[in-house]
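The report that follows looks at ring pairing, the nonpolar core, the sheet and one loop residue. Please read it alongside the sequence and the structure.

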Amino acid sequence: MAQRTDLTLGDLTARDHAFYGLVWAGTTLSTRVDQALVRAHDLTLSWFEVMLWLHAQERPVAASDLGAKTLLSRSQVSRVADALQARGLVERAPSPTDARSVRIALTPEGRRLFAAADATRRAALAEVFDDRLDDSDIAALEAVWAKLKRPSGA
């Protein structure tokens, strides 16, 4: 049997380690959630993300607004909306103020599936996120995200 060599990041600074830690956490947690959603609901994480934003809205929203909020491009949002519409999870309607724009909203079935998928997401993260972080850890992460999301020079 071949001997395994442990790999390290080498002589990186604490800031470099922190950055790669964020990358590792995002990738690892996203993959875990994506696999759980696909297995349980045949729903990818990008589909879930669009549904998450739609779920929180009282009115249908423009695809461009979703593109600005999600980690997806406008064309990706459009493709996701097409796939969700084909499954009967979203509906599109012309914008009342802009004839070139279409608004998107969850259907009642989309809301039901979102609730089930959100429970799956929470269960997938429980052991590796919720159970490991206390309220002060969450507050610290929220403070870090707020700083990182702030526009440059603000």
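Phe19, at 46% relative accessibility, counts as partly exposed, and Tyr20, at 41%, also counts as partly exposed, where buried means under 20% relative accessible area, exposed over 50% and partly exposed in between (1.4 Å probe, protein chains only). This is a predicted model, in which local features need pLDDT of at least 70 and side-chain atom pairs count only at pLDDT 80 or more, while totals for chains, interfaces and linings use all residues. Residues are numbered from 1 along each chain as its sequence is written, and side-chain values use heavy atoms, with hydrogens and water left out.

Rings of Phe, Tyr and Trp (its six-membered ring) pair if their centres lie within 6.5 Å, with planes under 30 degrees apart counted as stacked, over 60 as edge-to-face and the rest as tilted. By this rule there are 2 aromatic pairs, set out below.

| Pair | Distance between centres | Angle between planes | Class |
|---|---|---|---|
| Phe19 and Tyr20 | 5.0 Å | 70° | edge-to-face |
| Phe48 and Phe114 | 5.2 Å | 15° | stacked |

The stacked pair links distant parts of the chain, with Phe48 in helix α2 and Phe114 in helix α5, 66 residues apart; both Phe48 and Phe114 are buried. Helices (H or I, at least four residues) and strands (E, at least two) are DSSP runs, numbered from the N terminus.

The largest nonpolar core, a set of buried Ala, Val, Leu, Ile, Met, Phe, Trp, Tyr and Cys residues joined through side-chain atoms within 4.5 Å, has 24 residues, and those with the most contacts inside it include Leu43, Leu54 and Ile104. Two or more residues each come from α1 (14–41), α2 (45–55), α3, α4, β3 (102–106) and α5 (108–130), and the largest share, 5 residues, is that of α2.

An open sheet is formed by 3 strands in the order β1-β3-β2, with antiparallel pairing, where two strands pair if DSSP finds at least two bridges between them. Because β1 (61–62) and β2 (90–94) stand at the edges with a single partner strand each, one side of each is left without a neighbour in the sheet. Between β1 and β3 there are 2 bridges, and Ala62 stands opposite Arg103 in β3.

Thr70 lies in the loop between α3 (63–69) and α4 (74–86) and, at 7% relative accessibility, counts as buried. Leaving aside residues up to four places away in sequence, Thr70 touches Glu49, Trp53 and Val77, contact meaning heavy atoms within 4.5 Å.
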